[in-house]
Amino acid sequence: MAQIYVSIGTNIERNKHLEMAISELYHHFGALQVSPVYQSEAVGFEGDDFYNMVVGFHSDWTIPDLITLFKSLEVKAGRDHSAPKFSARTLDIDLLSYGDMVCQSPIVLPREEILHDAFVLLPLFDVAGDWIHPRQKKSVAELWQAFEQSSHQLERIADPIDMSKFKQWQKQR
């Protein structure tokens, strides 16, 4: 089974949509590695701040099957996929990596945002600091250490969702 990392972002009913995403991922994949949640400014448009996090899990699902699930969860959360790329969203789930796979299709992996966006790289560092980026041949910890952190303002959010419920989900499996 491949180690999968996904980024999750929302700037509409943030707590509700993060909790829904974690619940759904747990339902499908079991044990999850869950980063802290970070607040960041909207990029590319005027809007409410985003909550962002990274979740890791193991799966033997194919990349197309994962993407289909993530898109269905976004729709379930009320996301309008016809909206402009840079706009408010209820839920955004992006596949960051699939094991050590490097590919261009059906999507680019590992996802480029890992190297460019602090709101992806920092939570990935929190859950997978030792993971070696298959293109860069550096650990996420090394990538974060070399990242120009001062140009990206992130605020760690304390307990935006009820993680005790998450612990109960863990016990039920």
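## Aromatic rings around Phe-29

At 10% relative accessibility, Phe-29 counts as buried, because the cut-off for buried is under 20%. Keep in mind that this is a predicted model.

So who keeps Phe-29 company? The structure holds four aromatic pairs, and two that involve Phe-29 are worth a look here.

Start with Phe-57. Its ring centre sits 4.2 Å from that of Phe-29, and with the planes at 15 degrees the pair is stacked, since planes under 30 degrees apart count that way. This pair ties together distant parts of the chain: Phe-29 belongs to helix α1 (residues 14-29), Phe-57 to strand β4 (residues 50-59), and they are 28 residues apart. Phe-57 is buried, just like Phe-29.

Then there's Trp-61. Here the ring centres of Phe-29 and Trp-61 are 4.8 Å apart and the planes make 65 degrees, so this one is edge-to-face. Again, distant parts of the chain are linked: Phe-29 is in helix α1, while Trp-61 is in the loop between β4 and α2 (63-76), 32 residues apart. Trp-61 is partly exposed, with a relative accessible area of 27%.

Here are the two pairs next to each other:

| Pair | Ring centres | Planes |
|---|---|---|
| Phe-29 and Phe-57 | 4.2 Å apart | 15 degrees, stacked |
| Phe-29 and Trp-61 | 4.8 Å apart | 65 degrees, edge-to-face |

Put together, ring pairs join Phe-29, Phe-57 and Trp-61 into a cluster.

One more ring to look at: Arg-14 lies over the face of Tyr-51, 3.9 Å from the ring centre.

Definitions and conventions
Residues numbered from 1 in each chain as written. Predicted model: local features only at pLDDT ≥ 70, side-chain atom pairs only at ≥ 80, totals over all residues. Heavy atoms only, no water. Phe/Tyr/Trp six-rings, centres within 6.5 Å; stacked < 30°, edge-to-face > 60°. Helix = DSSP H or I, 4+ residues; strand = E, 2+ residues; numbered from the N terminus. Buried < 20%, exposed > 50% of the residue type's maximum accessible area, 1.4 Å probe, protein only. Lys NZ or Arg CZ within 6 Å of the ring centre and 35° of its normal.
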